[in-house]
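User: Could you walk me through this model, one question at a time? I would like the reasoning along with each result.

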Amino acid sequence: KDIGAILLRIVLEDAIKRIAKKEGVEIKDKKASILNDELKSKNVFIQTIWRQNQAWLDLGNDAAHGNFDNYNLNQVETFHQGLINFLTTNFN
């Protein structure tokens with residue numbers, strides 16, 4: 001579950017950066033959470049998508065920093081399925 005959470009976070013970060021670039025948001029040296037905020041403020045992401053992205057970024061950060069008890073396998077599986085849906089919606 002831990003490596004999966006890290007990899008999912010990497011994919012999410014890449015997707016957010018690509019969307020930001022497409023929307024004309026400067027991405028250089030910005031964290032994914034900041035880009036997520038900027039995309040919400042530009043109304044590219046609605047509140048629920050923004051919030052879900054933040055939760056997934058947090059889960060991935062917990063994995064990357066070794067906080068493995070802060071999430072469980074079910075949450076990683078939900079992240080995986082949700083990320084598939086997010087990518088399908090934004091890169092179809």
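User: Happy to start with a single residue. Is Asp 2 buried, partly exposed or exposed?

Analyst: Good place to begin, and please keep in mind that this is a predicted model. Asp 2 has a relative accessibility of 22%. Buried means under 20% and exposed means over 50%, so at 22% Asp 2 counts as partly exposed.

User: Which residue forms a salt bridge with Asp 2?

Analyst: The closest N and O atoms of this salt bridge are 2.8 Å apart, and the cut-off for such a pair is 4 Å. The partner has a relative accessible area of 38%, so this residue is partly exposed. The partner also lies over the face of Tyr 71, at 4.1 Å from the ring centre. The residue that pairs with Asp 2 is Lys 1.

User: How many salt bridges does a search of the whole structure find?

Analyst: Side chains of opposite charge can pair when their charged atoms come close. Glu 13 with Arg 9 is one example, at 2.5 Å between the closest N and O atoms. The search of the whole structure finds 5.

User: Which residues do salt bridges that share partners join into one network?

Analyst: Let's build it up step by step. Glu 13 forms a salt bridge with Arg 9, and Lys 17 forms one with Glu 13, the closest N and O atoms being 3.2 Å apart. Arg 9 and Glu 13 both lie in helix 1, 4 residues apart, about one turn of the helix, and the spacing of Lys 17 and Glu 13 in helix 1 is likewise 4 residues. The shared partners give one network of Arg 9, Glu 13 and Lys 17.

User: Is Arg 9 buried or exposed?

Analyst: Its network partners Glu 13, with a relative accessible area of 21%, and Lys 17, with 28%, are partly exposed. Arg 9 has a relative accessible area of 14%. The limit for buried is under 20%, so Arg 9 is buried.

User: Now to the overall fold. What pattern does the chain follow along the sequence?

Analyst: The chain has 4 helices and 0 strands. Read along the sequence, the pattern is α-α-α-α.

User: What is the radius of gyration of the chain, and does it agree or disagree with a compact globule?

Analyst: The C-alpha trace spans about 35 × 25 × 20 Å along its principal axes. With 92 residues, a compact globule would have a radius of gyration near 12 Å. The value for the chain agrees with that, at 13 Å.

User: Which helix gives the most residues to the largest nonpolar core?

Analyst: In soluble globular proteins, nonpolar side chains tend to be buried together. Here the largest nonpolar core has 22 residues, and those with the most contacts inside it are Leu 12, Leu 39, Phe 79 and Phe 86. The elements that give two or more residues to this core are helix 1 (2-22), helix 2 (32-41), helix 3 (47-64) and helix 4 (73-90). With 7 residues, the one that gives the most is helix 1.

User: Which residues does Leu 39 touch, leaving out those up to four places away in sequence?

Analyst: Leu 39 is among the residues with the most contacts inside the core. With sequence neighbours up to four places away not counted, Leu 39 touches Ile 16, Ile 19, Ala 20, Glu 23, Val 25, Val 44 and Phe 45.

User: How are the rings of Trp 56 and Phe 79 arranged: stacked, tilted or edge-to-face?

Analyst: The structure holds 2 aromatic pairs. In the pair of Trp 56 and Phe 79, the ring centres are 5.2 Å apart and the planes are at 15 degrees. The pair links distant parts of the chain, with Trp 56 in helix 3 and Phe 79 in helix 4, 23 residues apart. Planes under 30 degrees apart meet the cut-off, so the pair is stacked.

User: What relative accessible area does Phe 79 have?

Analyst: Its ring partner Trp 56 is buried, at 8%. Phe 79 is buried too, with a relative accessible area of 0%.

User: One last ring. The charged end of which residue sits over the ring of Trp 50?

Analyst: The distance from the charged end to the ring centre is 5.2 Å, and the cut-off is 6 Å. The residue over the ring of Trp 50 is Lys 40.

Technical notes. Residues numbered from 1 in each chain as written. Predicted model: local features only at pLDDT ≥ 70, side-chain atom pairs only at ≥ 80, totals over all residues. Heavy atoms only, no water. Core = buried A, V, L, I, M, F, W, Y, C linked by side-chain atoms within 4.5 Å. Buried < 20%, exposed > 50% of the residue type's maximum accessible area, 1.4 Å probe, protein only. Contact = heavy atoms within 4.5 Å. Phe/Tyr/Trp six-rings, centres within 6.5 Å; stacked < 30°, edge-to-face > 60°. Lys NZ or Arg CZ within 6 Å of the ring centre and 35° of its normal. Salt bridge = Lys/Arg side-chain N within 4 Å of Asp/Glu carboxyl O. Rg over C-alpha atoms; globule rule 2.2 N^0.38 Å.
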